[in-house]
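Colleague: Got a minute? I'd like to go through this fold with you, starting with the cysteines.

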Amino acid sequence: QLQLVDSGGGLVQPGGSLRLSCAISGRILDYYAIGWFRQAPGEEREGVAYISSSDERTYYHDSVKGRFTISRDNAKNTVYLQMNSLKPEDTAVYYCAAALTGYTDYIPRDRKDFGSWGQGTQVIVSS
């Protein structure tokens with residue numbers, strides 16, 4: 001059973017930065033694509049950034065392109081989401097999730113493909 005623990009959220013002013021971490025245990029991370037999703041109050045959960053198991057491909061939602069960067073360190077079993085130039089509309093609970101893909105550059109983007117989820121970390125962007 002894969003276990004994911006999200007951390008790094010908090011309160012930040014518009015224009016500021018945060019780095020979220022997702023610590024993963026229980027399986028070999030090399031076989032999993034990882035996604036970061038977010039859910040604002042009253043909204044659907046949406047995917048914002050994804051990285052393939054091979055670490056060769058990434059994908060970003062248009063709303064975060066150029067501002068967010070997803071990366072992974074398989075030796076540390078950790079995936080990161082660096083968030084810069086934060087905006088109030090980035091306020092949400094952020095979740096990391098894992099999809100078993102095998103070792104590949106394929107990136108699943110359907111939420112249903114992600115079978116393991118972290119507990120979420122709150123990000124609030126406000127002055």
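Modeller: Sure. A definition to begin with: a disulfide here is a pair of cysteine sulfur atoms within 2.5 Å. Keep in mind that this is a predicted model.

Colleague: OK, how many disulfides does a search of the whole structure find?

Modeller: The search turns up 1 disulfide. The bond joins Cys-22 to Cys-96, with an S to S distance of 2.0 Å.

Colleague: And where do Cys-22 and Cys-96 sit in the chain?

Modeller: Cys-22 is in strand S3 (residues 18–25) and Cys-96 is in strand S9. They are 74 residues apart, so the pair links distant parts of the chain.

Colleague: Is the disulfide right-handed or left-handed?

Modeller: Right-handed, because the torsion about the S-S bond of Cys-22 and Cys-96 is about 60 degrees.

Colleague: Are Cys-22 and Cys-96 buried or exposed?

Modeller: Both Cys-22 and Cys-96 are buried.

Colleague: Let's stay with S9 then. How many of its residues are buried?

Modeller: 7 of the 9 residues of S9 are buried, so S9 is largely enclosed by the rest of the structure.

Colleague: Which way do S4 and S9 run, parallel or antiparallel?

Modeller: Antiparallel: strand S4 (residues 32–39) is joined to S9 by 8 bridges. In that pairing, Ala-33 stands opposite Ala-99 of S9.

Colleague: What about S11 and S9, how many bridges there?

Modeller: S11 (residues 121–125) pairs with S9 over 3 bridges, in the antiparallel sense. Tyr-94 faces Thr-121 of S11 across that pairing.

Colleague: And how many bridges between S9 and S10?

Modeller: 2 bridges, and S9 and S10 are antiparallel as well. The residue opposite Ala-97 is Trp-117 in S10.

Colleague: Changing topic: where is Ile-107?

Modeller: Ile-107 is in the loop between strand S9 (92–100) and strand S10 (116–117).

Colleague: A loop residue, OK. Is Ile-107 buried or exposed?

Modeller: Buried. The relative accessible area of Ile-107 is 8%, and the cut-off for buried is under 20%, so Ile-107 counts as buried.

Colleague: Which residues does Ile-107 touch, leaving out those up to four places away in sequence?

Modeller: Ile-107 touches Tyr-50, Ile-51 and Ser-52, and also Arg-57, Thr-58 and Tyr-59.

Colleague: One last thing: what separation do you get for the C-alpha atoms of Ile-107 and Glu-44?

Modeller: 21 Å between the C-alpha atoms of Ile-107 and Glu-44, with their positions 63 residues apart along the chain.

How values were computed:
Residues numbered from 1 in each chain as written. Predicted model: local features only at pLDDT ≥ 70, side-chain atom pairs only at ≥ 80, totals over all residues. Heavy atoms only, no water. Helix = DSSP H or I, 4+ residues; strand = E, 2+ residues; numbered from the N terminus. Buried < 20%, exposed > 50% of the residue type's maximum accessible area, 1.4 Å probe, protein only. Contact = heavy atoms within 4.5 Å. Pairing = 2+ DSSP bridges.
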